[in-house]
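Reader: Hello! I am new to this structure and would love a guided look at how its parts pack together. Could you show it to me?

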Amino acid sequence: MADGTVLETITLEEAQRVIAAAAKKATEIGQPMDVAVVDAGGNLKAHARMDGANIGSITIAINKAYTSIAFQCETGHLQEATRPHGPIYGLNDAHGGRLVVFPGGIPLVRDGKIMGAIGVSTGTIEQDQEVATAGAGAY
């Protein structure tokens with residue numbers, strides 16, 4: 001075994017707290033959601049699909065979280081730059097189509113360091129962002 005420690009990242013307990021806060025907000029607005037949390041390496045840490053959330057949104061939620069950690073920003077901040085004639089148009093086709101460039105993905109920051117990210121999908125992009133913001137706020 002190698003000496004050293006693994007990069008500090010979000011814990012399972014923290015990820016579950018983030019998901020619980022997001023689910024609470026989703027319930028408040030009446031929109032079941034898929035909620036995913038990835039660690040600092042972009043690997044899935046926790047996921048919940050609320051009753052009534054779209055099955056097709058599972059992967060989208062996970063990929064929003066991945067995109068957020070991969071580019072260290074909210075996924076919604078990538079929208080303008082990735083539109084036709086934008087400086088990084090086509091980015092969403094990179095990484096095997098795994099990148100999601102619309103709202104609902106937010107980095108989870110502690111002491112100025114990104115420790116993971118949340119991704120939310122099933123509602124409108126405004127609802128996804130609202131629920132992701134609530135989840136991130138619990139971190």
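Author: Gladly! A nonpolar core here means a set of buried Ala, Val, Leu, Ile, Met, Phe, Trp, Tyr and Cys residues joined through side-chain atoms within 4.5 Å. Please keep in mind that this is a predicted model.

Reader: Thanks! How many residues does the largest nonpolar core have?

Author: Those with the most contacts inside this core are M33, V35, V37, L108, I118 and V120. Counting its members, the largest nonpolar core has 20 residues.

Reader: Which element gives the most to this core?

Author: Several elements share the work: α1, β1 (34–39), β3 (105–110), β4 (113–121) and α4 each supply at least two residues. With six residues, the element that gives the most is α1.

Reader: Which residues are in the second, separate core?

Author: That core is separate from the one above and has six residues. Its members include Y66, C73, L78 and V101.

Reader: Back to the helices: are α1 and α4 parallel or oblique to each other?

Author: The axes of α1 (residues 12–29) and α4 (residues 125–137) come within 7 Å and cross at roughly 140 degrees. Angles over 145 degrees would count as roughly antiparallel. The crossing angle therefore makes α1, relative to α4, oblique.

Reader: Which class of residue has eight members in the contact of α1 with α4?

Author: On the α1 side, V18, A21, A22, K25, A26 and I29 take part, and they meet Q127, E130, V131, A134, G135 and A136 in α4. By class, this contact has two polar residues, two charged ones, and eight that are nonpolar.

Key
Residues numbered from 1 in each chain as written. Predicted model: local features only at pLDDT ≥ 70, side-chain atom pairs only at ≥ 80, totals over all residues. Heavy atoms only, no water. Axes fitted to C-alpha atoms, helices over the stretch in contact; angles between N-to-C directions. Helix = DSSP H or I, 4+ residues; strand = E, 2+ residues; numbered from the N terminus. Parallel < 35°, antiparallel > 145°, perpendicular 65-115°, else oblique. Contact = heavy atoms within 4.5 Å. Nonpolar A, V, L, I, M, F, W, Y, C, P; charged D, E, K, R; others polar. Buried < 20%, exposed > 50% of the residue type's maximum accessible area, 1.4 Å probe, protein only.
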